[in-house]
Amino acid sequence: MRIKNFLPLKDKNIVVIATGSIAAVKTPLLVSQLIKSGAQVKCIASPSASKLVSPLSLSTLSRNSCYQDEDQWDPKASKPLHISLAEWAELIVVAPLSASSLSRWVNGLAEGLAASLLIACEKPIIAASAMNTGMWQNKAVQKNWQILKEYPNVITLDPGEGLLACDRLGEGRMANQEIIELAIENALTQFKKASYFKRDLEGLKFLVTAGPTMEDIDATRFLSNRSSGKMGVFLGQAARFRGANVDLIHGPLQIPSTFLEGLTSYQAKSANDMKKIIAELQSQANAIAMTAAIVDLRKKNGPEKGKLSKENLLHSINDTFEVVPDLLSEIVARRSENQIILGFTALTGTDAEIQHLGKIKKASKGCDLLMANPIDRNNQGLESNSNGGWLLGPNANIKLMPVNSKLTLANQLLDELKALLGNRFATK
C-alpha cells in the first residue's frame with residue numbers, strides 16, 4: 001500500500017516495543033513491513049516477549065540491535081538507553097501492549113527498559129493492546145486503558161474480535177498490521193503540525209460511503225467502475241483516529257478487508273442497496289462524506305434471470321437501461337439540522353474546466369463541500385494511492401488541495417468538515 005513519490009515513513013526513526021502477549025509473534029511482520037517502507041527501526045523485547053519471539057529475529061529484520069532490559073544501563077554510554085532511544089525516536093509503536101505493561105505505563109512504574117522508555121517519551125506513540133478476553137474485559141484493565149486514551153501523544157488501537165491463542169473466541173486480538181501502519185502514518189502527519197494528536201471529532205458520528213457500486217445486467221455481466229474505495233476507507237480511519245464513531249457503507253473494495261477494522265461497516269452492492277442503508281443511518285450522523293462512485297446506469301426492471309446472448313445483449317443495452325438517481329442530492333434533500341455533507345465528483349479536463357464543472361455540480365447538489373477530483377492525471381483519482389484537486393466550499397470558496405497521500409488528504413478534508421461543524425453548532 002505504499003504510495004509512489006509519497007513515502008511518509010521513509011527515513012523516519014521508529015522504535016517498536018514487543019511486550020508479553022502471544023501476539024508478539026506478529027511483531028516481526030510489522031518490523032519487516034516498516035523496513036520495506038523505508039523506516040529506520042530499533043526494537044525492544046520485554047522479558048516476557050523475549051520468551052515468545054526471538055530478539056535475534058527482531059534484530060535481523062530491523063538491521064539494528066534488539067534491546068532488552070540488561071542493555072538499559074551501560075557504563076560506557078553517555079546516557080541511559082531509555083533516554084537516548086526517547087531522543088532518537090520520532091515515533092514509538094507498542095505492539096502488542098500487554099495488561100502488565102499497560103498497568104506499569106499508566107501508573108508511572110519505570111520497571112525495565114520498555115516501561116522507562118514509554119514514561120520518558122514525549123513523541124507520538126501507537127499502542128496496540130492484545131490479551132485474553134477475560135483480561136481485556138477486567139475492570140482494572142479497562143480503567144487503565146481509558147486513562148491511556150487521554151494521553152495527548154498516544155493513539156490507542158482497541159483489540160479486535162477473533163479466535164485467540166487460548167482457543168477463546170472474543171475480544172483481545174491485536175489490531176491488524178495494516179491498521180497499525182496506517183495509524184503510524186496518521187500520527188507522523190499530525191505531529192508535523194502539533195505536539196499532540198487531534199481528538200477534535202470526539203463524540204461525533206460520521207457516515208462515509210466508499211468504493212464503486214455494481215449493477216447487474218444478467219447472470220454473468222454487470223456495470224461498475226474503477227473506484228478502489230481507498231479514499232473513503234482512509235477518510236473513515238482518519239476520522240476514527242481523531243475520535244469519531246464511523247459508519248462505513250462500501251461497495252466492492254480493491255483493498256484488503258483488514259483496513260476496515262475499527263469501523264462499523266455495511267456492504268452494499270448496488271446503488272439501491274447503498275440508498276437503503278444510508279436512509280437507516282443518515283439521521284444519526286453529524287457529518288456525511290459521499291466518496292463512493294455510484295454507477296450511472298442500471299437495468300430498468302432489474303437484471304435478466306439468465307445469461308443474455310450477445311445479440312440480445314445489444315438490444316438490452318439500447319432499450320432497457322435507465323439513469324441511477326443521484327444519491328447525494330437525495331441525502332442533501334433530507335438532511336437534518338446542522339448536518340454537514342461532503343461530496344466527491346470525478347472530473348476530467350483543464351484546471352479551469354474542472355473548477356467550472358465543480359461549481360455547477362456543487363450548486364446542483366447542494367452539499368456544503370465538494371471535492372472536485374481530476375481522474376485523468378498521474379497519481380490522482382480512481383485506483384491511485386494519492387489524490388488531489390479542488391475543494392469547493394461555502395460562499396464560492398475554492399481551495400487547491402495539492403496531490404498527496406489519500407490519508408493526508410483525508411485529514412485535510414476532516415479539518416474543513418470540523419470547521420463547518422464548529423460554526424454550525426456555534427450558531428445553533
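This is a guided tour of a predicted model, moving from a parallel sheet to a helix and then to two pockets.

**The sheet**

Begin by selecting the six strands that form an open sheet, which follow one another in the order β3-β2-β1-β4-β5-β6 with parallel pairing. Colour β3 (66-67) and β6 separately, since these are the edge strands, each of them pairing on one side only. Strands of a sheet pair through backbone hydrogen bonds, either parallel or antiparallel. Next, select β5 (residues 125-129) together with β6, and look for the four bridges that join these two parallel strands. Within that pairing, show A127 and T156, where A127 stands opposite T156 in β6.

**Helix α8**

Now select residues 177-190, the 14 residues of helix α8, and place a distance between the end C-alpha atoms, which are 20 Å apart, in agreement with the 20 Å that the helix should span at 1.5 Å a residue. How many of the residues of α8 are buried? Twelve of the 14 are, so the helix is largely enclosed by the rest of the structure. To see this, show the buried residues, which are I179, I180, E181, L182, A183, I184, E185, N186, A187, L188, T189 and Q190; charged side chains can be picked out among them, including E181 and E185.

**The second largest pocket**

Return to β6 (154-157), which gives four residues to the lining of the second largest pocket, the largest share of that lining. Alongside β6, the elements that give two or more residues are α9 and β12 (245-250). To centre the view, select K149, T156, D158, R240 and A244, which lie nearest the centre of this pocket among its 26 lining residues. T156 is thus the residue of β6 already met opposite A127. The pocket holds about 560 Å³ of space, and by class its lining has eleven nonpolar, six polar and nine charged residues.

**The largest pocket**

Finally, follow α9 (230-241), which also gives two or more residues to the lining of the largest pocket, as do α12 (327-333), β17 (340-347) and α13 (351-365). Which residues lie nearest the centre of this pocket? Select A292, A293, I294, F344 and A346, which hold that position among the 34 residues of the lining. The volume of the largest pocket is about 770 Å³, and colouring its lining by class will show 15 nonpolar, twelve polar and seven charged residues. Keeping α9 selected closes the tour, as this helix contributes to the lining of the largest pocket and to that of the second largest.

Technical notes
Residues numbered from 1 in each chain as written. Predicted model: local features only at pLDDT ≥ 70, side-chain atom pairs only at ≥ 80, totals over all residues. Heavy atoms only, no water. 1 Å grid on protein atoms, 1.4 Å probe; cavity = no way out; pocket = protein on both sides within 12 Å on 5 of 7 lines; lining within 4 Å. Points joined across faces, edges and corners; volume = space filled by probe spheres on them. Expected span 1.5 Å × (residues − 1). Buried < 20%, exposed > 50% of the residue type's maximum accessible area, 1.4 Å probe, protein only. Pairing = 2+ DSSP bridges.
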